Amino acid sequence: MKKLTKKQMAVTGAIVVLGIGGITIGVVNHNNTVHAQQIAKAKAQQAKVKVEQKAKAEKLAKEKEAAQQKEVATLLATATANPNDNTIKAVNDAIAKLTDQKAKAKDNELVKVLNARLSLIKKAEAAVKDYQGHATDANKQKVAQEAINNLKDKNDQDVKSQLQKLFDESNKQAQEAAKSAQASQKASSTTGTNNNAKSTDTQTNDTPAVAEYGTNNQATSNVNSGNNTYVPNTPNTGGGSNTASNGNSGNAASNSNSNNSSNNGGGNTNNNNSNNNNNNNSGGGNVTPPVSHVFQAWVKNKAGVVIWTQNCSTWAEASQAAANYGNSQFASGNFDIGNYGVTQIS
């Protein structure tokens, strides 16, 4: 084998080096290409995962919003059928969790309607309760009925019926109390008229007595009263004629018939007795008649308003009438009676 010269050996070495270098460069380029592909693939995978995660999150959000809106709708239905503080609060709490602003605004408008209805219901309930305690107050009666009439929503008809029933019961009691008061006052007026009819001016009626010769001169005195007695007068021996004054008194305590007799001689004597109207059994004089008083029984409610009166002729009668009426009201369920008493009005 021919030996290579140094020059040939140098050229050959350069060729070998170039060959090795080329191979190395090729390997490096291949590796770089593979790595770049791997990076691109990873990035694509990451992007795909992000898209999938976002889609999944959006889907979950939509499902959650739908569930929340469904809950709001259920609570709204409950509050619409029975609006009160608790049901409306539950609706407001559910609406606050919504993310759909349009749906939230729409539901809030429905809640405003519920609050307006609840306000009317509370006002009607308070007015009826106030009227129950003051059934004879015409102004409270009017306010309560108007408040009931303002409940116009179809879902409030049950509440309206219940309040109207309570109102009617109180109104019936008030009417019965008024009738009772009128009857008592009428009876009292009749009693007062009868008592006044019995109290009349005292009248003195003297009947003439005639004295005849040789006979007894007699005069008869009649006094109208509760008892009848006969009282003979002692004879008059002085020869004169005896006369007796007859008093007719509506207030006298006794009714007596007195006969005066005497044996008289001489002539005939006629004694004329006068008819006098007076107020006492006196010798023809006038005295002041007894004073008649009027006592008014009254009953007040707890607000101090007089709800019943009755005129009576005595304090005891008026006191008893006031007590009877007050107790009858308590017995009938009217617990608004405050006090009762009597006032002398004449």
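This is a short walk through one chain, with suggestions for what to select at each stop.

**The whole chain**

Start with everything shown as a cartoon, and keep in mind that you are looking at a predicted model. Coloured by secondary structure, the chain shows 6 helices and 11 strands. If you switch to colouring by accessibility, 24% of the 346 residues count as buried. A contact map is worth opening too: among contacts between residues at least 6 apart in sequence, 71% join residues at least 24 apart.

**First stop: two helices**

Now select residues 101–133, which form helix α3, together with residues 138–149, which form helix α4. How do the two helix axes cross? They come within 8 Å of each other, at an angle of roughly 150°. Angles over 145 degrees count as roughly antiparallel, and α3 and α4 are therefore roughly antiparallel to each other. The crossing of α3 past α4 is left-handed.

Next, show side chains where the helices meet. On the α3 side, pick K123, A124, A127, V128, D130 and Y131. Their partners on α4 are K140, Q141, V143, A144, A147 and I148. Colour this contact by residue class and you will find 8 nonpolar, 1 polar and 3 charged residues.

**Second stop: T87**

Move to helix α2, residues 85–96, and select T87 within it. Is T87 buried or exposed? Its relative accessibility is 15%, and because buried means under 20%, T87 counts as buried. Draw a distance from the polar atom of the T87 side chain to the backbone oxygen of N82, and the viewer should give 3.1 Å. To see the surroundings, add T78, A79 and N82, which T87 touches when residues up to four places away in sequence are left out. N82 therefore appears twice here, both in the polar pair and among the residues touched by T87.

**Third stop: N301**

Finally, go to strand β9, residues 295–301, and select N301. This residue is buried as well, with a relative accessible area of 7%. Which backbone atom lies 2.9 Å from a polar atom of the N301 side chain? It is the backbone nitrogen of V305. Then expand the selection to T136, I307, D336, I337 and G338, the residues N301 touches once those up to four places away in sequence are set aside.

With N301 and its neighbours on screen, you can zoom back out and compare this stop with the earlier ones at your own pace.

Definitions and conventions:
Residues are numbered from 1 along each chain as its sequence is written. This is a predicted model: local features need pLDDT of at least 70, side-chain atom pairs count only at pLDDT 80 or more; totals for chains, interfaces and linings use all residues. Side-chain values use heavy atoms; hydrogens and water are left out. Axes are lines fitted to C-alpha atoms, for helices over the stretch in contact, and angles run from 0 to 180 degrees between N-to-C directions. Helices (H or I, at least four residues) and strands (E, at least two) are DSSP runs, numbered from the N terminus. Angles under 35 degrees count as roughly parallel, over 145 as roughly antiparallel, 65 to 115 as roughly perpendicular and the rest as oblique. A crossing is left-handed if the near helix is turned anticlockwise from the far one by less than a right angle, and right-handed if clockwise. Contact means heavy atoms within 4.5 Å. Ala, Val, Leu, Ile, Met, Phe, Trp, Tyr, Cys and Pro count as nonpolar, Asp, Glu, Lys and Arg as charged, and the others, Gly among them, as polar. Buried means under 20% relative accessible area, exposed over 50%, partly exposed in between (1.4 Å probe, protein chains only). A polar contact is a pair of N or O atoms within 3.5 Å; within protein, one must be able to donate a hydrogen and the other to accept it, and residues adjacent in sequence count only if both atoms are side-chain atoms.
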